[in-house]
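Colleague: Please walk me through this model, one feature at a time. Where should I begin?

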Amino acid sequence: MIVAEAKPIKEILEMIEGFNKILVVGCKGCVTVCNVGGAKEVAILASAIRIAEKKKGKEVEVGEITLERQCDPEYIEELKDIIQDYEAVVSLACGVGPQFISERYPEARVFPAVNTKFMGGAVEHGVWAERCAGCGQCVIHYFGGMCPIARCSKSLMNGPCGGSNHGKCEVSPEIDCIWDKIVRKMMAQGRLDELLKIRPPKSWLTARDGGPRKMVREELAK
Amino acid sequence: MTEYKSGSNLEKVLKAGHFAFTGECGPPRGANVEVVRKKAQYLKGCVDAVNVTDNQTAVVRMSSWAACLILKEEGLDPNFQMVCRDRNRLAMQSDILGVSAHGIKNMLCLSGDHQRFGDHPEAKNVYDIDSIQLISMVKKMRDEGKFLNGEPIDVPPKLFIGAACNPFAEPLEFRVYRLAKKIAAGADFIQTQCIYNMKRFREFMKRVVDMGLHEKCYILAGITPLKSVGMARYMATQVPGMDVPEELIKRLKEAGKKKAAEEGIKIAVEQIQELKEMEGVAGVHLMAIEWEHRVPEIAKLAGMLPRPKVE
Amino acid sequence: MQEFKPKIVAFYCSNCASSAAEISNKLGLFLPENIKLINVPCTGRIEILHLLKAFENGADMVYVVGCQEDSCQYINGILKLKKRVAHVKNMLEQMGIEPQRLEVFSLYAGKGQDFVNIANEMLNRAKQLGPIY
């Protein structure tokens with residue numbers, strides 16, 4: 001799923017400085033799962049905004065709503081009747097949400113309340129880690145089911161580099177050296193021959209490097 | 001008439017069967033030509049080729065190719081280094097043609113330290129291709145006269161291709177295979193990370209020889225003289241794959257603060273002499289960064305002088 | 001000029017804190033006025049939103065009394081709550097509110113006097129800080 005991190009409340013308060021009617025919009029998708037943008041977090045942010053503004057001597061009106069998802073127009077449509085009552089919209093969805101809201105309601109002043117970080121999953125309760133960089137050409141099967149593009153700091157396809165340090169990446173002891181894992185697993189499984197194959201340079205055309213991407217399902221599109 | 005891949009001095013020396021001795025020069029943090037010329041003076045006549053690092057530890061310095069040109073002017077055989085961190089395949093091929101056009105004949109292909117270590121940690125990550133893909137690419141350009149995309153190059157570059165090897169880094173079991181991979185990709189010579197544990201290195205070289213890798217590629221062992229106990233401890237704990245035996249640290253300690261550097265040089269000289277007799281080792285790469293002025297003395301004590309002249 | 005009477009909200013758990021509260025009653029010790037007591041099964045049940053809502057509704061001071069870290073009935077309820085309190089303190093500071101307006105205490109079940117002392121300490125602190133808004 002898409003993993004995002006809450007922006008510091010200070011940053012959000014600075015963004016909405018001067019607005020008196022604010023709508024906080026959450027999302028029941030990915031950001032609920034990683035506990036940064038669901039209904040609970042909407043209530044928390046709304047309360048925090050009211051307290052902070054009250055402290056400044058201002059009474060602000062803060063609306064709260066959580067949509068099924070902010071990446072489908074049919075749910076963004078649900079804001080139709082209420083959005084004009086507000087001066088600013090703060091979206092807790094990943095980077096897609098605020099943009100969808102902005103597109104559908106061009107007059108609205110939309111602010112992002114989270115920093116979208118990566119595609120990943122939960123590795124333990126409360127901890128999410130990156131697994132996929134969206135390169136557009138998945139070849140994890142070459143690497144024992146692990147992705148070096150996303151999980152090697154240098155995206156090596158013929159790793160490990162000389163900086164692999166007791167199973168950790170030279171960049172930080174908090175980052176596992178994925179090549180250490182790949183090599184150990186494949187050697188243990190007797191797949192040394194696959195490791196000896198020289199993987200050719202990756203085409204980054206299918207990745208973000210090639211430009212913003214679209215995915216079309218022909219049978220479904222008009 | 002011997003067929004050379006590049007005709008560099010290093011290649012000629014190795015091909016003639018001599019024990020090679022290379023050095024290293026770190027470019028300055030500015031357009032300071034004088035400091036490069038000064039370093040060149042120390043190294044002249046002591047080494048067969050000089051590595052010129054490429055934004056080492058991800059810290060901005062004068063570019064490797066530029067410093068290489070200065071060294072060439074000073075009569076040295078530069079070993080141009082290129083890391084994968086800062087350049088994409090276009091810039092790489094472009095620079096490869098550029099250095100070859102200027103008569104630089106050796107090239108070391110490296111991954112490069114991640115930019116998070118350096119002085120511009122917020123920079124965009126390139127790593128378009130990795131070091132092994134870079135070796136293959138240079139070989140393709142030189143031997144097939146083709147760019148990475150298969151199109152013809154009008155005057156192919158002539159480079160003696162080098163790569164690095166860190167024999168004691170994890171995962172240990174795989175290191176000799178990674179070396180094999182680099183050689184299969186096209187590496188003509190290898191320079192290892194600096195060695196302190198000679199016993200373990202000898203075991204590593206045995207595996208290399210068993211696999212016949214020393215016949216396909218010239219392997220130069222890296223040596224960095226220890227200047228102090230502090231430096232030894234730093235190497236032992238902060239540098240991946242570094243194995244600094246306690247006996248060496250003990251020797252430095254016992255020599256006392258003032259004499260530690262002398263002892264470090266003594267150790268390096270002993271190592272060089274031992275490596276000269278080790279099977280599979282074609283030479284030594286001396287990394288005496290910011291200590292270039294001691295290189296002539298080390299070369300002399302280790303019996304590396306005079307350097308051979310091969311026509 | 002009217003003397004400032006701080007509005008204080010105190011959450012306390014049904015275990016150690018409750019026992020302490022009972023004992024303080026038995027000892028004839030009483031809490032100062034203006035303290036609204038909210039009993040929870042375990043301090044771990046208190047969420048960030050509960051703490052914020054108390055301030056939103058005008059509390060000048062909010063504090064939580066729970067078990068010692070190694071004797072929480074629900075094992076790590078008090079530990080979780082302490083993390084949440086740290087998080088809210090951080091938020092308060094960014095919001096321009098003094099983080100000292102929020103506090104958490106661990107006490108032993110038998111300490112009736114402590115229960116009252118804490119209340120008085122909070123009252124004094126609230127008086128010093130003044131009204132929240």
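Modeller: With pairing: two strands pair if DSSP finds at least two bridges between them. Helices (H or I, at least four residues) and strands (E, at least two) are DSSP runs, numbered from the N terminus. The model is predicted, so to say: local features need pLDDT of at least 70, side-chain atom pairs count only at pLDDT 80 or more, and totals for chains, interfaces and linings use all residues. Residues are numbered from 1 along each chain as its sequence is written, while chains are lettered from A and ligands numbered from 1 in the order in which they are written.

Colleague: In what order do the 4 strands of the open sheet in chain C run?

Modeller: Strands of a sheet pair through backbone hydrogen bonds, either parallel or antiparallel. In chain C the order is β2-β1-β3-β4, and the pairing is parallel. Its edge strands are β2 (35–40) and β4 (102–106), each pairing on one side only. From one strand to the next, the twist averages 20°. For such angles, axes are lines fitted to C-alpha atoms (for helices, over the stretch in contact), and angles run from 0 to 180 degrees between N-to-C directions.

Colleague: How many bridges link strand β3 of chain C to β4(C)?

Modeller: Strand β3 (residues 61–66) of chain C pairs with β4(C) over 5 bridges, in the parallel sense. Look at C:V64: its bridge partner in β4(C) is C:V104.

Colleague: Which strands of chain C does helix α4 lie across?

Modeller: Helix α4 (residues 112–129) of chain C lies across β1 (8–13), β2, β3 and β4. It runs at about 160° to β3(C).

Colleague: What is the order of the 3 strands in the open sheet of chain A?

Modeller: That order is β1-β6-β7, and here the pairing is antiparallel. The edges are β1 (2–6) and β7 (127–132) of chain A, each of which pairs on one side only. Neighbouring strands of this sheet are turned by 70° against each other on average, direction ignored. Between β1(A) and strand β6 (residues 114–124) of chain A there are 5 bridges, in the antiparallel sense. One position to find is A:A4, which stands opposite A:T116 in β6(A).

Colleague: Into which domains is chain A divided?

Modeller: Domain bounds come from an automatic or database domain assignment. Chain A has domain 1 (2–117) and domain 2 (133–210). Taken over C-alpha atoms, the centres of these two domains of chain A are 37 Å apart.

Colleague: Which chains share the most contacts?

Modeller: Two residues are in contact if their C-beta atoms, placed from the backbone, lie within 7 Å. There are 2 pairs of chains in contact, and chains A and B share the most. That contact takes 28 residues from chain B and 26 residues from chain A. On the side of chain B that touches chain A, α5 and α6 each supply at least two residues. The largest share there, 7 residues, comes from α6(B). By class, this side of chain B has 13 nonpolar, 7 polar and 8 charged residues. In this scheme Ala, Val, Leu, Ile, Met, Phe, Trp, Tyr, Cys and Pro count as nonpolar, Asp, Glu, Lys and Arg as charged, and the others, Gly among them, as polar.

Colleague: And chain C?

Modeller: Its contact with chain A takes 12 residues from chain C and 14 residues from chain A. On the side of chain C that touches chain A, α2 (48–56) and α3 (77–94) each supply at least two residues. The largest share, 6 residues, comes from α2(C). This side divides into 8 nonpolar, 2 polar and 2 charged residues. No contact joins chain B and chain C, whose closest C-alpha atoms lie 26 Å apart.

Colleague: At what angle do helices α5 and α6 of chain B pack?

Modeller: Two packed helices are described by the angle between their axes and the distance between the axes. Helix α5 (residues 131–144) and helix α6 (residues 172–185) of chain B pack at about 20°, with axes 8 Å apart. So α5(B) is roughly parallel to α6(B). The cut-offs: angles under 35 degrees count as roughly parallel, over 145 as roughly antiparallel, 65 to 115 as roughly perpendicular and the rest as oblique. The contact is made by B:I132, B:I135, B:S136 and B:K139 of α5(B) and by B:K181, B:K182 and B:A185 of α6(B). They divide into 3 nonpolar, 1 polar and 3 charged.

Colleague: What about unusual backbone?

Modeller: Most residues other than glycine have a negative phi, and most peptide bonds are trans. The peptide bond from B:E170 to B:P171 is cis, with omega near -10°. B:P171 sits in the loop between β5 (160–165) and α6 of chain B. Another cis peptide bond joins B:L305 and B:P306, with omega about -5°. B:P306 lies in the segment after α12 (295–301) of chain B. B:N55 is not a glycine, yet has a positive phi of about 40°. Find B:N55 in the loop between β2 (49–52) and α3 (64–73) of chain B.
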